[in-house]
Structures are given as C-alpha cells and as structure tokens.
Amino acid sequence: MKSNTLTRDAASPVILPPEKTLLDMLYYMKLTRELEFRIERKLYRQGKIVGGVYVGRGQEAIAVGSCVDLRRDDVVCPSHRDMGAYLIRGMSLRTILAQYMARKTGATRGKDGNMHMGDLSKGLIAFVSMLGDNVPVATGIALSFKTRGQDRVTLCFFGDGATSRGDWHEGINMASVFKVPVVFICNNNQYAYSTPLERQMAVENIADRAEAYGLPGEIVDGNDILAVWDAATRAIQRARAGGGPTLIECKTFRMTGHSAHDDAGYVPPELFEFWEERDPISRFERFLMDRGFIDKSGIDELQRRINHEIDEAIQIAEKDPFPEPEDCLKDVYY
Amino acid sequence: MPLTTYVEAIRQGIWEEMEKDERVFVLGEDVGIYGGAFKVTAGMLERFGEWRVIDTPISESGIVGTAIGAALMGMRPVAEMQFADFISCAFDQITNFAAKCRYRWGAGVPIVVRGPSGGGVHGGPFHSQNPEMYFVHTPGLKVVCPATAYDAKGLIKAAIRDPDPVIYFEHKFLYRRVKEELPSDDFVVPIGKAAIRRNGTDITVITYGAMIYIALEAAKELEKEGIDLHVLDLRSLLPFDNEAVLESVKKTNKVILLHEDTQIGGFAGELAAVISEQAFEYLDGPIRRITAPNTPVPYSPPLEEFFLPKVSDVVRVARELYAY
Ligand SMILES: Cc1ncc(C[n+]2csc(CCOP(=O)(O)OP(=O)(O)O)c2C)c(N)n1
C-alpha cells in the first residue's frame, strides 16, 4: 500500500460540501482562532489563566474539517491543539473559558486545566498529557462499536511527536488487526516542542507508518480545509461501513511557540513566513469569496458575531466561582 | 560568592561530571537545542556536542532502554524525563530491565533518570505528580529527592558516579526559589544519608523535598510558643537513612511524618512501620502523618492549595502532639 502524496494549491475537491457546511467550517475555524487568541494573548497574559497554555494557531482546518460532518453519536479523542473539535461537538464557550480560568463551571470543575477536558454526553474524551495514550483508547472505543454492531466511528487526534510513543504503535496495530471503525488524524506541524520532524523519525511521512500496520495512510494539505474534509469524509464512510481504520496525515505548521511561554526561537523565521501565506482561514475565505458563498462584509459581520459571542462568554466565565477547596476530595472513591 | 539556584546546581553537577568523565552523556526530549524545558541542560550541546547531549524522539521507554544499553557497555547516561509525570511511560524499562540486572546476573546499570516532580505551580494532574513511591517499591533502584541547591548538586554527582540505577526527582517548585552559596570543590552528597535541617528537642518532623521548607517555616512559628521542632531531611528514600530516623525519634520521642506525595502507600507509612518496629518504646505519642490527600493533583488554585500540605497543618498537628 503506498501513501498517496497530495499536493494541491487551490482548495477544490471534486465534490463540495453543501453551503451550510462550508459556512460552518468558516465559522468554527474563525471561532477557534479568536478564542485561542483571547486565551493566549489576553487572558493568559493578564494572569487570568495560570499554568500552561497551548494553542493550535494555523492548524484550525484539521479539527474543523474532520469533525464538521460527524454524527452526534460518534466519538472524538482530541489532542492538545484541537479546540475546533470541542466547539463543533457543542462544548460551550463559557464552559471552555471557565475551564481555562480554573472555575467550578469549567468542564473539569477545576480539577484540570486548559484542553484537558471531556464530556461523554458530547462524545468528547478528555486528553491526558501523556502523548499517544489516547490512541489505544480510541481503538477500544471503536472496538465497542464493532462488537455491539453499532455504525458509529471514532476520530483520534495526535501530533507528529506523539507517533514516537510505543502506545501509538500498539494502538494503531490493534485497530488494524481488529479492523475497527476509527480514523487516526495526525496534526503534523513539523515540530514537537523544539524538536524538528527529522529528529523525530527517519521516514519522511507519518502516513508511511501505516503500511507497516496494514491500514491505509493518506497525506493531505492540513491547511486546506476542503482537502481535510474530503479525506476525513472518505475515511469515516469506510470505517462506518466496516472497512476498518485509516491514518490521515495533515501537513501543517505550528504558528506559535510550543506553549505560551515559548518564543520558538529555534524555528527559522522563513518557515513562519512560508506558512503564513498558506494560512488556512484566509485561504478558505478567498475560496468562498471567489465562489460567491460570502463577501467581504459577510466575513466582517461573522467576525463581529464571533467577537461578541466570546466577549459575552468571557464576561460570564470571569464571574464564575472558583471551586471550593474541599471539592478536591470529590470524585475519588475512598 | 554568588548564590547558586537549585536548577543551576543540577546543571553544574551534570556539567562537571561530563567534563571529568567522557562516559557521561545526557539524553532526552528537547535537552539539546532548547537546553531542556527547564533549562537544566542549557549550553551543554554547544560545549559537548550532539552525541553527548542527545535530543530524542518522544519515547520515554526508548530513552531509558537506550540508556540502559549504553550503561551496560560502560557509559554513564543521564536520561531526562521532561516532567517526572512522564516517567510512567518508561516504567517497565526502569523497574524490570534496569532494576533487576545486578540481582540476576551481576551486571550494574549505572543510569540516572531525572526529572521535575511536584506541585505548587498550577501544573494540574499530569505536570505535578510525585511518582517516587512507584520506584521506592522496586528493589534494585535508588531514589533520591534533593531539597537544597547543595544537595541537588551533590546528589546528581553521586547519582552519576553510582554503579546502579538512580532515580533523581528534582522539585520544580524549588528550581529558582531556593539558592545558596556553593563550595567550589568537587563535593558529593552520599546516597542514603539524611541531613538535620534544624536541631530541636520536642518533636521530630521527618520529611524530604519541598516539604522541608514547610517544616522549617512551621518551626519558626512554633518557636514563638515554645515548641521546638527537630527537622530531618531524608534526601534519599531508597536506601533511606534508617539510623538517622531512629536517632531523631529517640531524641524527641514524638514524630510527625510529612510529605507532598499522597497518603496511601506514601513513604510515611513505611517510616511509621519502621519506627514502631524499631523504636516503639521511645515514643511518647502517636506517630502522625501529614501528606497530600488521596486524590490526583488538582489544577485550580484553591484545590491545589487544599491538596498541598501547609505550614498551618504542621503547626496544628505539632500543637496536638506537644500537648499529648
Ligand atoms: C509522553 C510525553 N512525553 C513528553 C511530553 C511533553 N510534551 C508535551 S507536548 C510535547 C511535544 C508534542 O509534539 P507533537 O506530538 O508533535 O504535538 P505538537 O505539540 O507539535 O502539536 C512534549 C514533548 C508529554 N506531554 N507526554
């Protein structure tokens, strides 16, 4: 099985999603971008968020493009740069912001911070820091669908660095042996903290690893939301129909430091410039305008709406209470 | 003389051993170009080159296994876990391969596995843990937890020179908060030896890591009301300084066991057993434990504050025990 290398400049798969989906894609990408901007550049710097903050600026097309068409009863295992998945699955802005600001109303009620959040009722599995741990878990989720005859699928996200963990390989292999309905999606942003890809692995593509485990591997331009959507849709359909797992590698770039306290001084500036020109949001905006789905004023209006939604949510979350100290003792069995 | 921080002391200790002994090298995630997430290995790549300061893939099990192999061939690897929490990903290599070589076939595995542990920095459940007891429970390992810059440097040197696997837990809360003047000579702190941090007569507090500062602060408060704490810093948990523990109990006849780790299966339980087996007749009161509750380390500041043992806890328990 050869991974098919796909290079395309203009975003234009053969079949386009319906107009509503296209506009949803734009909304969720822009919402992700603005929300993470507020989190990283405002709330964190104002000291309203303590601890670590990681954002997915430049990678918004991946979570949004792959989750936008999921069914409510499907399940997503996001990683640490997949904010769009939470938004699409219906976690509210207030819940997310309260989570980041360590409030009782946050997704983990203050037990954990930042993107370490989940909600089974929304099919969202909370990430643990140990990279790659979610891969065998996703396999297990898919196994439960298969053995109970349900046509649900699970999506599992991770970075390029996470594919170096043994758990990643074990989970992918088991999914392939069991032929369970899971789609593995790699955000290959070419750096793992300060470590560039060539120091992470000796093969050229993450998708090349699929061959060793006997599942299809596909490479897409992760900054082209339609390419992501196209690949994800095919893989999801295949999984739902009993065709087994797929590994999709989305080539992208981390447009920030590793976390809010990292200036990414080790990344050559030309790389940022190169990828800035391929920004997934402005590219998609151009595409939608060229095709007449939206115009400049429509985009401005959308941005205003997003700003307003986030302003409102911040105002509420900021007034939300912190947990009571004794809440520390809740939810452990002893 | 300038003051040296705890984090700089670790760096100096590794650096000096690398200068002296070509067999010593470091490996881990982001230790080279970046100098480590907490800058423990800053500048080492430039000085020692890429084969002695090795940036690795995100493969904790691979890192430790690689270290073991090189150590069996006579090298002295120092493996970094970016956060001590991630040592769980290398558990098998440490507890089965490294720990059981000498016992089974006489082969020493002189590796050091080190990383930042502990809470107090709002790191949440996966960047704040104190994983020492998983390894204290494993025969064949050594486990150290320095609390001062002097010990941080002296123990990392001792760990590197040790012929067996040493798990070295540094406390990230102390990295830049504690500093002291360090001697310029080539000193080591022997593994397995405790240190008295405060001499006192009424109650002994046996502790380690960041909690020594909690004990010392409590001692200052209690001094005002005439309660005189004796503070023993274990420094090493495996092996631990059994003799120093007994001596300190015999001296004050009352004892508080304090640690940041959770209670069930924490080191205090082991110490309590040792004390009651070996010094029961010297006790004038119950052995008291002050530890974190049996929960993960929570993220939100009020929860984390509740979780971590506090000066007020030590003061309260000491008063009760004093009155006993
Ligand atoms: C098992 C494990 N080791 C180390 C870390 C520390 N760490 C957090 S993110 C990160 C880099 C992750 O790189 P990648 O998987 O490529 O995702 P990216 O951050 O680039 O999106 C590292 C080393 C971790 N979280 N888990």
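Two strands pair if DSSP finds at least two bridges between them, and in this predicted model that criterion is met by β13(B) and strand β14 (residues 288-292) of chain B, which pair in the parallel sense over four bridges. Within this pairing, I256(B) has R288(B) in β14(B) as its bridge partner.

Strand β13, spanning residues 255-262 of chain B, also takes part in a second pairing: three bridges join it to strand β10 (residues 203-207) of chain B, and here too the strands run parallel. In this case L257(B) of β13(B) stands opposite I206(B). As for its surroundings, β13(B) is mostly covered, with eight of its eight residues buried.

Turning from strands to helices, one may follow helix α3 (residues 60-72) of chain B and helix α4 (residues 91-105) of chain B, whose axes come within 9 Å and cross at roughly 20°. Because angles under 35 degrees count as roughly parallel, α3(B) is described as roughly parallel to α4(B). The contact is made from the side of α3(B) by S61(B), V64(B), G65(B), I68(B) and L72(B), which meet Q93(B), I94(B), F97(B), A98(B) and W105(B) in α4(B). By residue class, this contact comprises seven nonpolar and three polar residues, with no charged ones.

A word on confidence concerns chain A, where the mean pLDDT is 95 and 96% of the residues reach 70 or more. Residues 1-11 of chain A, however, have a pLDDT below 50, although this stretch has 26 contacts in the model beyond near neighbours in sequence. Where pLDDT is low, the predicted coordinates should not be read in detail.

Technical notes:
Residues numbered from 1 in each chain as written. Chains lettered and ligands numbered in written order. Predicted model: local features only at pLDDT ≥ 70, side-chain atom pairs only at ≥ 80, totals over all residues. Heavy atoms only, no water. pLDDT = per-residue confidence, 0-100. Contact = heavy atoms within 4.5 Å. Axes fitted to C-alpha atoms, helices over the stretch in contact; angles between N-to-C directions. Helix = DSSP H or I, 4+ residues; strand = E, 2+ residues; numbered from the N terminus. Parallel < 35°, antiparallel > 145°, perpendicular 65-115°, else oblique. Nonpolar A, V, L, I, M, F, W, Y, C, P; charged D, E, K, R; others polar. Buried < 20%, exposed > 50% of the residue type's maximum accessible area, 1.4 Å probe, protein only.
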